[in-house]
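Here's a quick tour of one model for anyone who likes to poke at coordinates. We'll go from a loop to a helix pair, then on to the ligand, the core and some backbone oddities.

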Amino acid sequence: MLSHLNKYLKKTIITIFVSLIPLTVFSEEKNTNLIETKWTFNGIFGTFDRSSLQRGYQVYTEVCSGCHSVQYLSYRNLSEKGGPEFSIAETKAIASQFEVEDGPNNEGEMFMRSAKLSDKFTKPYPNVEASTAANGGAYPPDMSVLAKARAGGADYIYSLLLGYEEAPAGFELDDGVYYNKYISGNKIKMSEPLFDGIVEYTDGTDSSKKQLAKDVTAFLVWASEPHLESQHRIGFKTIVYLIVLIMLVYMSKQKVWSRFNSKPEEEDEEIFDKVEKVITKYEGEDTKTFK
Ligand code: HEC
């Protein structure tokens, strides 16, 4: 039994390992031109780095939120497990810095009040038309699902933020259009948003352009997948559960079928010999000459 189990375990482990290879190697459409970074949130055990998410929130608020909304995030999400995990008090303080429209009041009028945990993130512009008009005809996309919507995800956003360069000689650029190595066509209507030290991190981390880009990218990945960590946990538990289940099914199959398989042929022959001997005794004759 044990040797069977060992053999089976080995087989199972090899099968699982082999079936996971395509997941890790081929799952993402690789754009070899992007800057590849070892993100903490990749892989089945991936988790976010809390302080990076908190800094990323700061970069988003101080820089990107001037043009980009994240319409699906509420302030309470900032305190939830698996996210930046600000304390409730910190999150309330963050929300109270923003003004949202509420109402109508008793006189039927709308009024402004400071945001609460249950409010959605405030938007820089009331609608797509207003944001497009304010940005020279280009719409700054909502960032709720941006990290998922673009091929390359985190690597793409990170590369894009660091991909601003002088346009090569002869490359035509209109006013308000900038050269970026990583956007298709190399033309983008967003001026370079990040520079060394543009944000002064409250936790004292050196705010180099790379660090800013890394933190805000992590924040945007979390914004588009707020439940990533719990999904990874559930996925892992499911795999363990399936392995145990497969082993149990295999062991019960062995047990049920052992009655049919375990008696080798020699044993059958032994029984046959015994019966023959009994008959010979009765007949008083040698089995070989018995007719
Ligand atoms: C001054 C306004 C402004 C600011 C500030 C700004 N953006 Fe943008 N962003 C835009 C506009 C406009 C576009 C659309 C560009 C286009 O379509 O050519 C854009 C597009 C993008 C895109 C999408 C590119 C694509 O593939 O379509 C990303 C990613 C992005 N911005 C990230 C950021 C991040 C991160 C920040 C903050 C660090 C930021 N932006 C700050 C205006 C802004």
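## A walk through the model

Glu36 sits in the loop that runs between helix H1 (2–26) and helix H2 (50–62). Bear in mind that this is a predicted model. Glu36 counts as partly exposed because 14 other C-beta atoms lie within 10 Å, whereas 20 or more would make a residue buried. In sequence, Glu36 and Tyr158 are 122 residues apart, yet their C-alpha atoms are 8.9 Å apart in space.

Tyr158 takes us to helix H6, where Tyr158 is one of the buried residues. How many of the residues of H6 are buried? Nine of the nine are, so H6 is largely enclosed by the rest of the structure. The list includes Asp155 and Ser159 as well as Ile157, Leu160 and Leu161. What do these buried residues pack against? The partners are helix H5 (146–149) and H7.

Now for the H6 and H7 pair. Two packed helices are described by the angle between their axes and the distance between the axes. Here the axes of H6 and helix H7 (residues 209–224) come within 9 Å and cross at roughly 145°, and the crossing is right-handed. On the H6 side, the residues that meet H7 are Gly153, Ala154, Ile157, Tyr158 and Leu161. Facing them from H7 are Ala213, Lys214, Thr217, Leu220 and Val221. Sorted by class, this contact has seven nonpolar, two polar and one charged residues.

H6 also turns up around the ligand. Helix H6 (residues 153–161) gives the largest share of the shell there, three residues. The shell has 22 residues, and those that come nearest to the ligand are Cys64, Cys67, Pro140, Lys189 and Met190. What classes do the shell residues fall into? They divide into 17 nonpolar, three polar and two charged.

Cys64 has another link worth following: Cys64 is in contact with Val216, as are Gly56, Val59 and Tyr60, leaving aside the neighbours of Val216 within four places in sequence. Val216 also belongs to the largest nonpolar core, which has 35 residues. Together with Ile157, Phe219, Leu220, Trp222 and Ala223, Val216 touches the most other members. Which elements give two or more residues to this core? They are H2, H6 and H7, and H7 gives the most, with nine residues. In soluble globular proteins, nonpolar side chains tend to be buried together.

Last stop, the backbone. Most residues other than glycine have a negative phi, and most peptide bonds are trans. The peptide bond from Gly103 to Pro104 is cis, with omega near 0°, and Pro104 lies in the loop between strand E1 (99–102) and strand E2 (111–114). Two residues other than glycine with a positive phi are listed here:

| Residue | Phi | Loop between | Other C-beta atoms within 10 Å |
|---|---|---|---|
| Glu85 | near 55° | H2 and helix H3 (88–95) | 16 |
| Asn186 | near 60° | strand E3 (178–179) and strand E4 (187–188) | 17 |

Are these residues buried or partly exposed? Glu85 is partly exposed, and Asn186 is partly exposed too.

Technical notes:
Residues are numbered from 1 along each chain as its sequence is written. This is a predicted model: local features need pLDDT of at least 70, side-chain atom pairs count only at pLDDT 80 or more; totals for chains, interfaces and linings use all residues. A residue is near a molecule or strand if its C-beta atom, placed from the backbone, lies within 6 Å of it. Helices (H or I, at least four residues) and strands (E, at least two) are DSSP runs, numbered from the N terminus. Ala, Val, Leu, Ile, Met, Phe, Trp, Tyr, Cys and Pro count as nonpolar, Asp, Glu, Lys and Arg as charged, and the others, Gly among them, as polar. Axes are lines fitted to C-alpha atoms, for helices over the stretch in contact, and angles run from 0 to 180 degrees between N-to-C directions. A crossing is left-handed if the near helix is turned anticlockwise from the far one by less than a right angle, and right-handed if clockwise. Two residues are in contact if their C-beta atoms, placed from the backbone, lie within 7 Å. A residue is buried if 20 or more other C-beta atoms lie within 10 Å of its own, exposed if 12 or fewer, and partly exposed in between; C-beta atoms are placed from the backbone. A nonpolar core is a set of buried Ala, Val, Leu, Ile, Met, Phe, Trp, Tyr and Cys residues joined through C-beta atoms within 7 Å.
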